[in-house]
Structure formats: structure tokens, C-alpha cells
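Biologist: Before planning work at the bench, I should like to go through this structure with you. May I put my questions one at a time?

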Amino acid sequence: MTRKVTEVTNLQNDCRPATPWQRVTAALHTWRTRRHEHAPPSDDTESPAPEPVPGANTLWRMRTTVKDEPGSLAALCTALAGHRVDILSLQTHPLAEGTVDEFLLRAPGELAASGIATAVRTAGGTDTWIERADAHDLVDAPTRILGLAARTALDAAELPLALRQLLGRCTIRSQPAPAGGARAADGVPVEGALDDTVMRLRAPEGGVITVERPYLPFTPTEFARARALVELDARLGPRVPHGRDVLTLAEGSDITVRRADTRDLEAARAMHERCSDRTLRLRYHGPVGDADRYLNHLLSPRFGRTLAVQTASGRLVGLGHLLWDGDETEIALIVEDAWQRRGVGGELLGRLVAMAAEGGCRSVYAVTQASNTGMVAAMRGLGLPLDYQVEEGTLVITARLGESVSTGAGEVGSTSAP
């Protein structure tokens, strides 16, 4: 089960038994409230800077608003030059009441963010925001945007990640169209809507994509770029990479791991029919009769990536989901009973974690029960730092990702797969 699935079910006015689902929802809400805040990045101007290294330089991303009049930008550049700050790149975002200037700066290592912000304020800059940058920010904006467009063109599941990389740290949520074939988009105009720190875009299938960045308002330029990516996705239609790997399990059986989407819906339902009630309950945390209702959502590239495991005869025996949940990422697995304890779940989990790391995710979490020893063991087998939280009988395991995450085979269905 995912938190997003719960929200979608409510939006579609489906009826479901209250007791088990409400317990899981309440537990997840409590867990999320404790660990998640819509606050400025921890390395923003209010945080202490790392100990400076003599002679070293530091890269900063900075955004400030200046008056739309001659000499305003020149005064700002002069103030930065007085502190030996180099301007490596500059983008301007015209507004009705002024201009938002976005800089990539190289400053002496001993110059703190607060010192740069003070210089900018003295030169007339307002609403200044600054954070650490890295070498990836040295790529110029047109090149970076073209790269994001290429990734989106290859894989529909890349759209949320592309938006996040385009707009920085933000929360992205997809709301599907109402049930019954309606394509209403909850009052969002065709061209989308921008309201300070929130933008809402019409999703290709008729739903709504909401992007929130509470610590930094969006500019019209950013809104136009995000809308262009969504329009590209709509024009290209459903698509997933065709890469697949054939593996031999320890006991000798061959399996194929590949990307899946809604075209696998009937095969996934057939797998549900072959699964025991216990397996379905451990996966979906509720009445087993409700399991099929979430498959269309789970298999949609709009909400994440899905890996399928099929036998040599073509029967689907396992599914692994990597789900974009706002600014977090959930992992979920189900393996048909006859194929459990044969390494299928561990293979799926390792590949999903590698895909999350490739997509820039800092952590992934799994929602399960303490009695699900197979999932707990698979998470431990990743060799990553794990955090455990138990709320109302629901176990949430969070794995913090590092650069060393890898799998024994290629990343099936990644943007670089053949």
C-alpha cells in the first residue's frame, strides 16, 4: 500500500472497510508529520557553514529580486566583486514589479552565505535566497533542460523526476482523473495555474500535477519550463523502456526482469488470483478483495516505475514498485507464493533501490508489518543504513541511499537501457 493510493481511493469515492485502512493511514500520517517539514533547505543562509578551507572556493546558487531600472544589476555585480565573488552564470526572470536574478557564484571559502546576502541587500537586492551548489550546477540552463527533455521522452516515469531536477527541492503530487472516464481537472485551466509557491498543471490523462516549493516562489519562467515538459510528455503518450534481463536463480530457474506498465494489468490480476490471502494482506494491509483496485494506479508510469518478474513461460510472478510520493520515494513488493524465498524479492528490491539512487533520491521507505520477515530481511540485505518506526502495528523501514548502491546486473529499464 502507498500513502498516495489511500488518497486516490478517497478521491474516487470508493468504499472500503474502515478499521484496517484507517489504522495504516493514521500511522503513516503520524510518521510523515514527525519526519517531514516544508522548510528551507538545511544548508540555506540560516545554517552554519562548514569550516572554511584556506584558499578554497565555494559554489553558491543565489536568487534575489532587483528593481527593473537601469543600474540595478550593475550595482549588485559591483557589490559582489567587492567581496571577490565571481559570477559564473546569470539567468533573469522578469516580473511585473521587478526582476528575479538567479546566479551561480564562486566565492572565497571563508566568505559565509550570510556575508554574500548582506552585500546583496546593501546593493538593493530583496528576498534573497542562497544555498550551496555543486559541479552539476555548472551545466548551463539550456543544456540541462534539453537533457531533462530527452530523459522524459524516453520514459514516462521520468516526468516527476525531471520536474524536481528542473525546479529544485519541491513536492510533486499527481492526482488522477475522476473515475468513470471523466477528464475534469478540478478547475485547473488548460494552460495550468501558478500561485506563488504552488503550480498546478494539467496532466495528459486528465488529472492534475501539483508542484509545491514553500521556501521559494516560482517565477513565470520556471512555470513555462515546467509546462513545456508536461506538454512534451502528453504529446509522446504512454511509453516505457524495453530493456530486460534474463537471470538464473540459485535453484536453477530462469526469470526475466523488465519494466511494466498498465498493459500488464490483466497479468497482474491473474497473479493476485494465485496469491494467498496472507500474501495479499501483507502487501496491501487491508481486505484482500480490495487488492485489484490499486493495480491501475500502481502500474501507471505517472506515479513511479514498476518492475515485473516473469517466468520462462511468460507468467508474471512478481511486481516491484518505486513510487514517487511527493518529495519521498516508496518501495513496495509482491511475489507469488510459489516463488517466495527464492531470491526474487531481493533481486527486485536491489534493482528498485539502484533506480532510486540513479534518479537522485536520497532515501526510500517500505511500509510493511513486523510479521513480514521476508521484507525485513530483504531490506537488511541491501547493506544500507536503515531506520525503523512502528506506528499502530505498521512498520516503516527507511533506507538512506549512498553512491555505492548497485545491483548484480544492469539497471533494467533505466534511461540508458537498450
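Biologist: Which elements are included in what covers the buried residues of helix 12?

Modeller: Please note that this is a predicted model. The buried residues of helix 12, which spans residues 373-380, are Met375, Val376, Ala378 and Met379. Their cover includes helix 11 (344-358) and four strands listed by name: strand 13 (328-335), strand 14 (363-369), strand 15 (386-391) and strand 16 (394-400).

Biologist: Why do the buried residues of helix 12 lie on the same side?

Modeller: In an α-helix there are 3.6 residues a turn, so residues three or four places apart point the same way. The buried residues in question are Met375, Val376, Ala378 and Met379. They are on the same side of helix 12 because the arc they cover around the axis is only 160°.

Biologist: Which residues are exposed on the other side of helix 12?

Modeller: Exposed means over 50% relative accessible area. On the other side of helix 12, the exposed residues are Thr373 and Arg380.

Biologist: Is Cys275 buried or exposed?

Modeller: A residue counts as buried under 20% relative accessible area. The relative accessibility of Cys275 is 7%, so Cys275 is buried. Cys361, at 10%, likewise counts as buried.

Biologist: How many disulfides does the structure hold?

Modeller: A disulfide requires two cysteine sulfur atoms within 2.5 Å. The number of disulfides in the structure is 0.

Biologist: Over which ring does the charged end of Arg342 sit?

Modeller: The charged end of Arg283 sits over the ring of Tyr284, 4.6 Å from its centre. For Arg342, the charged end is 4.0 Å from the centre of the ring it sits over, that of Trp339.

Notes
Residues numbered from 1 in each chain as written. Predicted model: local features only at pLDDT ≥ 70, side-chain atom pairs only at ≥ 80, totals over all residues. Heavy atoms only, no water. Lys NZ or Arg CZ within 6 Å of the ring centre and 35° of its normal. Buried < 20%, exposed > 50% of the residue type's maximum accessible area, 1.4 Å probe, protein only. Helix = DSSP H or I, 4+ residues; strand = E, 2+ residues; numbered from the N terminus. Arc of directions from axis to C-beta. Contact = heavy atoms within 4.5 Å.
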